[in-house]
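User: Please take a close look at one part of this model, the parallel sheet, and describe how its strands pair. Then place that sheet in the context of the chain and its largest pocket.

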Amino acid sequence: MIYEIFENQSINLALSKMNENDTLILNDGIYNEKVFVTKNNITIKAKKPNGAIIQNKDYYHKIMSNNNECNTFGTYTVFIGGDNVTLE
């Protein structure tokens, strides 16, 4: 099955409805969410090259009282936990 969403819709919600061999098409726009892919054998693709941007504003940076730096560097925006996931 082919699912198609627009920037005001949730990628994660669409992914939750998908089954193996399904495709998710992202229309042009900015998708502001942390995406968690656990399905196997699916494809996620932008309708146009460079047309869909996935970003997450989950950012934290602080210098602690002991002068150690604490931040979210290295946290994911898109986590791929499924097998055979294709991104286009």
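Analyst: What follows goes from the chain to the sheet and then to the pocket.

The model is a predicted one. The chain holds 1 helix and 10 strands, and from the N terminus on its elements run β-α-β-β-β-β-β-β-β-β-β. A compact globule of 88 residues would have a radius of gyration near 12 Å, whereas this chain has 16 Å. Along the principal axes, the C-alpha atoms fill a box of roughly 55 × 25 × 20 Å. Of the 88 residues, 27% count as buried. Among contacts between residues at least 6 apart in sequence, 37% join residues at least 24 apart.

The sheet itself is open and consists of 4 strands in the order β1-β2-β5-β10, with parallel pairing. Strands β1 (2–5) and β10 (86–87) stand at the edges, and each has a single partner strand, so one side of each is left without a neighbour in the sheet.

At the β1 edge, 4 bridges join β1 to β2, and the two strands run parallel. One of the residue pairs here is Y3 with L24, its bridge partner in β2. Strand β2 (residues 23–26) is covered on both faces: T23 and I25 are buried on one side, and L24 and L26 are buried on the other. This division reflects a general rule, because side chains in a regular strand alternate between the two faces of the sheet. Buried here means under 20% relative accessible area.

At the other edge, strand β5 (residues 43–46) pairs with β10 in the parallel sense over 2 bridges. Here I44 has L87 in β10 as its bridge partner.

The two residues of that bridge, I44 and L87, also appear in the lining of the largest pocket. About 160 Å³ of space lies in this pocket. Its lining consists of I11, L26, V35, I44, K45, A46, A52, I54, V78, L87 and E88. The elements that give two or more residues to this lining are β5 and β6 (52–55). Strand β5 gives the largest share, 3 residues. L26, one of the buried residues of β2, is in the lining as well. By class, the lining has 9 nonpolar, no polar and 2 charged residues.

Taken together, β5 pairs with the edge strand β10 and also supplies the largest share of the pocket lining.

Conventions:
Residues numbered from 1 in each chain as written. Predicted model: local features only at pLDDT ≥ 70, side-chain atom pairs only at ≥ 80, totals over all residues. Heavy atoms only, no water. Pairing = 2+ DSSP bridges. 1 Å grid on protein atoms, 1.4 Å probe; cavity = no way out; pocket = protein on both sides within 12 Å on 5 of 7 lines; lining within 4 Å. Points joined across faces, edges and corners; volume = space filled by probe spheres on them. Nonpolar A, V, L, I, M, F, W, Y, C, P; charged D, E, K, R; others polar. Rg over C-alpha atoms; globule rule 2.2 N^0.38 Å. Buried < 20%, exposed > 50% of the residue type's maximum accessible area, 1.4 Å probe, protein only. Contact = heavy atoms within 4.5 Å.
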